[in-house]
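Please open the model in your viewer and keep the sequence beside it. At each stop of this tour you will be told what to select and what is there.

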Amino acid sequence: MARVRLSVAERREELLRAAIEQIEVRGVAAVRIADVAAALGVSNALVLYHFSTKEKLVAAAFAYAAEDDLARLRGLLGRRSTALRRLRAAVRWYAPTGQAKGWRLWIEGWAVALREPALRQVTRDLDTRWKASIADVIAEGVAAGEFACADPAGAALRLTALLDGLAVQLTSYPGSVPRARAREWVDDALARELGLDREALTGR
């Protein structure tokens with residue numbers, strides 16, 4: 001059956017989604033241009049027309065995934081609600097015990113970014129924008145008198161470090177930390193950073 005003719009933008013998006021799927025299955029080191037092409041039933045040449053090297057395809061795929069994650073984060077933080085409810089929803093979604101997908105993808109990305117400058121820039125940009133978004137909501141909550149935090153940027157960094165570390169443990173070593181305990185640690189950390197009692201996370 002003939003393939004539907006796609007615009008350049010649509011084709012690139014299709015290739016990026018396929019690349020993400022192949023990276024999740026095979027890992028960054030093992031994935032090949034041929035794997036992405038085969039997944040879509042297109043030629044290697046078509047993939048190379050849009051992304052001249054595997055390295056550029058991988059970096060673009062991670063950038064695409066990052067924008068998707070950030071869009072979801074903006075949606076959670078942009079709701080008409082208190083700063084605490086928005087922050088709690090974002091942290092619980094992002095936590096490895098929540099609904100965020102693709103932790104294996106990002107762990108792969110962090111590892112490869114140590115050697116690939118283009119990918120390092122993508123992961124650094126995601127990390128910077130995520131922390132800034134969280135810090136902004138914490139600052140909003142402080143200004144509104146919802147909670148007390150003298151250093152919103154530092155709190156955002158510490159929360160992110162905890163979530164990323166737990167993601168590595170739960171993804172790489174299943175069973176190393178019970179999921180219920182991980183959720184408790186996240187709630188404890190969030191309450192501590194905001195100067196609240198633990199019960200306040202569910203009481204507001």
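A residue is called buried when its relative accessible area is under 20%, exposed when that area is over 50%, and partly exposed in between, with a 1.4 Å probe and protein chains only. This is a predicted model, in which local features need pLDDT of at least 70 and side-chain atom pairs count only at pLDDT 80 or more, while totals for chains, interfaces and linings use all residues. Residues are numbered from 1 along each chain as its sequence is written, and side-chain values use heavy atoms, with hydrogens and water left out.

**First stop: a helix near the end of the tour's numbering list**

Select residues 179-194, which form helix H9; helices here are DSSP runs (H or I, at least four residues) and strands are too (E, at least two), numbered from the N terminus. The expected span of a helix is 1.5 Å times one less than its number of residues, so the 16 residues of H9 should span 22 Å, and this agrees with the 23 Å between its end C-alpha atoms. Colour the buried residues of H9, among them Ala 182, Val 186, Leu 190 and Glu 193. Just after H9 comes Gly 195, whose phi is positive, near 70°.

**Second stop: salt bridges**

Keep Glu 193 selected and add Arg 158, because these two form a salt bridge with their closest N and O atoms 2.7 Å apart, where a salt bridge is a side-chain nitrogen of Lys or Arg within 4 Å of a carboxyl oxygen of Asp or Glu. This pair links distant parts of the chain, with Arg 158 in helix H8 (residues 152-172) and Glu 193 in helix H9, 35 residues apart. Is Glu 193 buried or exposed? At 15% relative accessibility Glu 193 counts as buried, whereas Arg 158, with a relative accessible area of 42%, is partly exposed.

Next select Arg 129 and Glu 67, whose side chains meet in a salt bridge at 2.8 Å, N to O. Arg 129 lies in helix H7 (residues 117-143) and Glu 67 in helix H4, 62 residues apart. Arg 129 is partly exposed at 29% relative accessibility, and Glu 67 is partly exposed at 35%. A search of the whole structure finds 12 salt bridges.

**Last stop: two helices that cross**

Finally, select H1 (residues 8-26) and H4 (residues 54-77), whose axes come within 9 Å and cross at roughly 95°. H1 is therefore roughly perpendicular to H4, a term that covers angles of 65 to 115 degrees. Show the side chains where they meet, including Leu 16 and Ile 20 in H1 and Leu 57 and Phe 62 in H4; contact here means heavy atoms within 4.5 Å.

Methods. Axes fitted to C-alpha atoms, helices over the stretch in contact; angles between N-to-C directions. Parallel < 35°, antiparallel > 145°, perpendicular 65-115°, else oblique.
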